[in-house]
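Please open the model in your viewer and keep the selection panel at hand. The tour below goes from one selection to the next and says what is found at each stop.

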Amino acid sequence: MATDYKKIANEIVNVVGKENITSITHCATRLRLEVNDRSMIDDKEVENIDEVKGVYFNSGQYQIILGSGTVTKVYNEIMQDNGDLQDKETSVESIKKEGNPIQRGVRTLADIFTPIIPGIVSTGLFLGLKGVLLDDNVLNFFGTSADHIPEYIMVLLNVLTDTVFAVLPALICWSAFKKFGGTPVLGFVIGMMLVSPSLPNANDVANIHSNVEPIMAFGTIPIIGYQGSVLTALVIGILGAKLEKSVRKGMPNALDLMFTPFVVIFTMVLLGLLVLGPLLHVVENGLVFLVEHLIQIPFGVGGLLVGFIYPLAVMTGMHHLFIMIETQLLAATGFNPLITVCAMYGFANAAVAFAVGMRAKNNKVKVIGSSAGITQLLGVSEPALFGITVRYGMKPLAVMLGCSAVGGGILAALGIQANSYGLAVILSPLMYIYEPYQLISYILVGIATFVVAFILTYVFAVPKELLAEE
């Protein structure tokens, strides 16, 4: 039977109260309502509506978890059938003004880095395929060696694998300008100037075996290119967009087209190369050093800690901060051990959802558990996290946190690390195909984490109220 999204929409409006709604919007999985009186809403009644996987109240919003795809259709039906709610529609940007400064800052980082994720993910896959194609065992199987690969093939492979990280500052500046209301192409140009071929390459300067030295300005300030620099590009992009908007306000219309870009590019490139770049480069190196050594704590203790903390960060929205750190790790080292130890959260969370749904006697919980588990396997965690794991008490949550932590600890102890980010659960093994040991170890630990979390939840963590016959 086809899902009646109109009926779902009407039931939600009736239970929440049409006059109670002050604004309405949605994200990828949740319908977000700002309401006059939260106490007027019966959570149980909302949760009994078809397709509703749970409710959550955070940052002044009553959030109804519907899942990817479903939420858009329900939202459209609400707006179509309730014309007077059109005046209460709120943009995602205004919603993001909610919360404390730290939460808003983390969301801003997510908005800047999310648009460039596809480029980095695809580059990671290219790197993995390159590793497979150039593996000695693979080449021996076909009766050849790396020395016999034509030069043009190697050039094409290098173009596919090296370009994104070579121009990463340009991508970040572009996205930051776009986010903060500047002209994106100006951000891209500034970012490209930070990695100009005329500058000493940052990677060559850092290589102790090369003879490349930075250019010294005023005898004390090292000038280099900022290939792979995330923090420098991020700060330059944000400040540049703000500077552009300020300059445009005072610039005469006749001069705006020519002189506003001139002032912005000139100011930000000099600021980046002479002041912010040298300072922030030290901060970036320190951050990479800290994260790498945290994860390398003996016996997987660092991975255990990160694996435990990451699900809690997802619950509060702080997990978006990890994206910037992962990008910096990839740019600086070519690898991303952070996403590896965080990834077991997805396996454990999916297992908890499936176990609760399988053992529960309530048909609605069965449907929510299975659908939320499938959604988690595809990379969207909120339906399983808020619709099952958090919703049904401490036991499911404890199983998920414990399995996520132990799985992360084991992977850290084994030295497993991805070469990309952005791929979750089922697709995540693609980030490890560059080396058989990495791929096999990751898959085995992921499966073990899922199985253990499923068994523990099924046997010990399903609430008694869900075991009673309807």
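Contact in this tour means heavy atoms within 4.5 Å, and angles run from 0 to 180 degrees between N-to-C directions, with axes fitted to C-alpha atoms. Keep in mind throughout that this is a predicted model.

Begin by selecting residues 21-26 and 54-58, which are β1 and β3, and add β2 at residues 30-35 and β4 at 61-65. Together these four strands form an open sheet, in which the order is β1-β2-β4-β3 and the pairing is antiparallel. Because β1 and β3 stand at the edges and each has a single partner strand, one side of each is left without a neighbour in the sheet. On average, and with direction ignored, neighbouring strands of this sheet are turned by 20° against each other.

Next, look at the pair formed by β1 and β2, which is antiparallel and extends over five bridges; here T25 stands opposite R32 of β2.

Now add residues 70-81, helix α3, which lies across β1 and β2 and runs at about 140° to β1. Then select residues 382-389, helix α19, which packs on the sheet and touches β2, β3 and β4, its direction making about 100° with that of β4.

Finally, move to helix α21, residues 436-461, which gives the most to a nonpolar patch, with nine residues. This surface patch covers about 870 Å², and its members include M358, I443, V451 and F460. Y458, also in the patch, lies in helix α21 and counts as partly exposed because its relative accessibility is 33%, a value between the 20% and 50% limits.

How values were computed:
Residues numbered from 1 in each chain as written. Predicted model: local features only at pLDDT ≥ 70, side-chain atom pairs only at ≥ 80, totals over all residues. Heavy atoms only, no water. Pairing = 2+ DSSP bridges. Helix = DSSP H or I, 4+ residues; strand = E, 2+ residues; numbered from the N terminus. Patch = residues over 30% accessible without salt bridge, like charges linked within 9 Å, V, L, I, M, F, W, Y side chains within 5 Å. Areas by Shrake-Rupley, 256 points an atom, 1.4 Å probe, with all protein chains shown as cover. Salt bridge = Lys/Arg side-chain N within 4 Å of Asp/Glu carboxyl O. Buried < 20%, exposed > 50% of the residue type's maximum accessible area, 1.4 Å probe, protein only.
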